Every structure is written in C-alpha cells, then in structure tokens.
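Here is a short note for a colleague who is opening this structure for the first time. It may help to keep the view open while reading the points below.

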Amino acid sequence: MKTEGGSNTAKRRAGERAAEAVEDGFVVGLGTGSTAAYAIDAIGRAVDDGLEVQGISTSFQSRRRALEAGIPLTTLDAVDGVDLAIDGADQVADDPDASGYGALIKGGGAAHTREKLVDSAADRFIVVADPSKLESVLERSVPVEVIPDAHTVAADRIRDLGGEPTLRDAEHKDGPVVTDNGNLVVDCAFGPIEKPETLATQLSRLPGVVEHGLFVGLADETYVGAADGVDVREY
C-alpha cells in the first residue's frame, strides 16, 4: 500500500536534486511513485535542453511518465549497464548506528520486483524521499510478490517467520491487486524489523515468492527534501 503524507514541495526538491546527477550519455533507471515522478519530469526538461540519455522504466506508470516527458526509453537487455537509478521508497531506515541503516521498504505501488532489478543493476542508486518516509527502524508491512498459485502456501510460510500476511485488494475493482508481471501482492506485517538483512534472506528463500520489498545494501544515497533544501544521507 502506498505511503501517504509528505509535502509536494519536499518531494519536488528531492526529485529535482537527484535529476542533477544525470550526465550526458547516461542510462538512467526511472523509479515509480510521486517523488520519482518529479525526477522524471526534471530529466525530461533537461532532454528538451539537449541532454542525451536513455531511460529504463520500472513500471507501466514510470514508462508513461517518461514518454510524456520526452525521455527515450530502452531495456536492460539492450544496454551494457545502468549508470544511475533514481527511485522513491515507502520507508527508509534512518538510524546511522543501526545495522540496517539505509535499508528500504518499497512496493507500495506493487512495482518492487522490477524496481529492485533496475536499482540493483545501477552503478549508483539514489533514493528520493520526503521526511515522512524516515524511521529509525523499518516497521511498515513488507510487500511480497507471489505467483497466484502460491499465495496461500507463501502466506503460511510467512506466518512461520512471524509475519501477518494480507492479500492486497484492489481499490477500484473487485479482487486482488495484480502486478505488471501478472502476480499477486501479499503485505506482511512483522512489526519493527531490527534485522532487515536476515528477514530479506528468509523471504527470498520461500517457494512461490517472486520478490519482496526489502531493499538492503542497495541504496548509495538518500536525498531527503526539506523546507530549506535537500539533506543527503550517504551509505
């Protein structure tokens, strides 16, 4: 489920600041969500001014936004690598003294499988966020994408790990949310996640799980939009 909150000004500042890191000739991963959308729009304006880049979208939503912004698109299998990925987060672990510092929960828009694929392929991954996304310890439900036939079995295994799984229902149609990949999303409440790396490994091992929304050890920086500019966390 998407995270509510955060001012549009803070989101815009974070997204536009991250877009400044895009250089001529870059292949750029284009994230999904309201904050990443500001980065896409800013990159589009730079393209209008002559910047030459190729974008790789992480969802139908980001693809549509990029096309509207005039960004030429490509695919992972058509390029040698990704220079930079810019993506949002539903929650960012923001305690520098904790082992999970810089870990993320993503997947509020059910795009975390492709987001993780693109973000992990990038030489540099910048997270864009507003202050409402920062917590000392991750505690939101973790989205887990599962193949349809496996959702009940996966839910049982998630309970074995101490989680409380809930099949995500669509808001404007009957039935569950279906991802761009044709799969289902189970939102899993674990309470405060003190060891995100351990939980990420456990979830990845479950049969029927395509991908989960814990992003551990992937982010290089988080750009946090603030009232007077942008605060930068480096990991």
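The points that follow treat the nonpolar cores, then the aromatic rings and the charges placed over them.

1. Please bear in mind throughout that this is a predicted model, and that the side-chain values rest on heavy atoms.

2. The largest nonpolar core is made of 23 residues, and those with the most contacts inside it are Val-22, Ile-43, Val-53, Ile-71 and Ile-86. Among the elements that give two or more residues to this core are helix H1 (8-19), helix H3 (60-69) and strand E6 (125-129), while H2 gives the most, with 5 residues.

3. Ile-43 is a useful residue to select in the viewer: when its neighbours within four places in sequence are left aside, Ile-43 is in contact with Ala-19, Val-22, Val-28, Leu-30, Val-53, Ile-71 and Ile-86.

4. A second core, separate from the one above, has 20 residues, including Ile-105, Val-186, Phe-190 and Ala-200.

5. The count of aromatic pairs comes to 1. Tyr-101 and Tyr-235 form this pair in an edge-to-face arrangement, with 4.9 Å from centre to centre and 85° between the planes. Because Tyr-101 lies in the loop between strand E4 (91-93) and strand E5 (104-105), and Tyr-235 in the segment after strand E14 (229-234), the pair ties together parts that are 134 residues apart in sequence. Tyr-101 is partly exposed, at a relative accessible area of 26%, and Tyr-235 is likewise partly exposed, at 33%.

6. Two charged residues should also be inspected. The charged end of Arg-17 sits over the ring of Tyr-223, 5.4 Å from the ring's centre, and Lys-106 lies over the face of Phe-215, at 5.5 Å from the ring centre.

Definitions and conventions. Residues are numbered from 1 along each chain as its sequence is written. This is a predicted model: local features need pLDDT of at least 70, side-chain atom pairs count only at pLDDT 80 or more; totals for chains, interfaces and linings use all residues. Rings of Phe, Tyr and Trp (its six-membered ring) pair if their centres lie within 6.5 Å; planes under 30 degrees apart count as stacked, over 60 as edge-to-face and the rest as tilted. Helices (H or I, at least four residues) and strands (E, at least two) are DSSP runs, numbered from the N terminus. Buried means under 20% relative accessible area, exposed over 50%, partly exposed in between (1.4 Å probe, protein chains only). A charge sits over a ring if NZ of Lys or CZ of Arg is within 6 Å of the ring centre and within 35 degrees of the ring normal. A nonpolar core is a set of buried Ala, Val, Leu, Ile, Met, Phe, Trp, Tyr and Cys residues joined through side-chain atoms within 4.5 Å. Contact means heavy atoms within 4.5 Å.
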